[in-house]
Amino acid sequence: DWVMGDYISEAVENIRKQVGDEEVILGLSGGVDSSVAAALIHRAIGDQLTCVFVDHGLLRLNEGDMVMEMFARNLGVKVIRVDAKDTFMGKLAGVSDPEAKRKIIGKEFVEIFQSESGKIQNAMWLAQGTIYPDVIESAGKGKKGAHTIKSHHNVGGLPEDMHLKLLEPLRELFKDEVRELGVALGLPREMVYRHPFPGPGLGVRILGEVKAEFANLLQRADAIFIEELRNTIDEVSQKSWYDLTSQAFAVFLPVKSVGVMGDGRTYEYVVALRAVQTQDFMTAHWAHLPHELLGKVSNRIINEVRGINRVVYDISGKPPATIEWE
Ligand code: XMP
């Protein structure tokens, strides 16, 4: 609508004034906030923006390719994709404690981002998808509100020695407004209205030690769950079960159980499905998904993902359980 149109022209004007003819770098995570920030800044300054997308191999199925497709191909944004899967897997080998895994993923992410962005000549600005609730939250925690670097990865922020000025064009917006802005800038609606995804990604959805084999099984199981949620429409509300839930995903349990297939006995891993409804993610109810939907997802995962022979549904509320399993 025209109100959003006005907002965009004003924001574009402000970014141009701030940045002048200097170069900007932005860490693209695949998340909504950094994506909308990238689209807005690109609208303002085009090729003066370079995005760095560190792919840690713990994203949803095909997500890395989708990010490249959308930004590099469709929007013509300069994006450097760093395929760091092997590096992350190497660093995570033998580590099973959840907080230790978060720290490793966060630290590695920052190091790779820094070293890649260090290669970009003349970069003077670091752009971030900081939104208003992040500003409030970091002020409330007594951090350096105005200059705390947003971390999707539970680290204290990028080291000061990057010597970059911060560009945060979404600082005054709430999440809903960021989403509307994203749609107005041409980002696909289903991308902009996606469920939240934690920075450490599948690193905290593979319980215990993270292995490439587990990540592959989990990505495929999770994609089936999400596809069925999107395709199943609730008759009363006429909404999909994806839109009726706040967050939904599969969790990989490194536990083997016995099953049968044909004349044979199987001994394979278990996947748990988690779907919650919540306003603020501080408390949450497990979603009462239709049994037919759960049955279909279970059948498909067991038939299509060789290596998984059992699917369970998580019926724990928060509290006392958390939304994620780690
Ligand atoms: P829990 O599991 O604490 O999750 O009930 C609440 C919300 O936070 C997300 N979450 C994270 N997000 N880094 C993130 O960026 C993390 O380490 C992390 N851990 C949990 C979770 O997905 C849910 O939306």
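The following exchange concerns local features of a predicted model.

Author: Residues are numbered from 1 along each chain as its sequence is written. In this predicted model, local features need pLDDT of at least 70, side-chain atom pairs count only at pLDDT 80 or more, and totals for chains, interfaces and linings use all residues.

Reader: Why is Asn122 called exposed?

Author: A residue is exposed if 12 or fewer other C-beta atoms, placed from the backbone, lie within 10 Å of its own, buried if 20 or more do, and partly exposed in between. Asn122 has 8 other C-beta atoms within 10 Å, so Asn122 is exposed.

Reader: Where is Asn122 found, and what is notable about its phi?

Author: Asn122 is found in the loop between helix H5 (98–118) and strand S4 (123–127); helices (H or I, at least four residues) and strands (E, at least two) are DSSP runs, numbered from the N terminus. Its phi is near 65°, a positive value in a residue other than glycine. Most residues other than glycine have a negative phi.

Reader: What makes Gln238 exposed?

Author: Gln238 has 8 other C-beta atoms within 10 Å and is therefore exposed. Gln238 is placed in the loop between helix H9 (212–231) and helix H10 (241–244), and has a positive phi of about 60° although not a glycine.

Reader: Which peptide bond is cis, with omega near 5°?

Author: That bond runs from Pro319 to Pro320. A cis peptide bond also joins Lys318 and Pro319, with omega about -10°. Pro319 lies in the segment after strand S9 (308–313), and Pro320 is likewise in the segment after S9.
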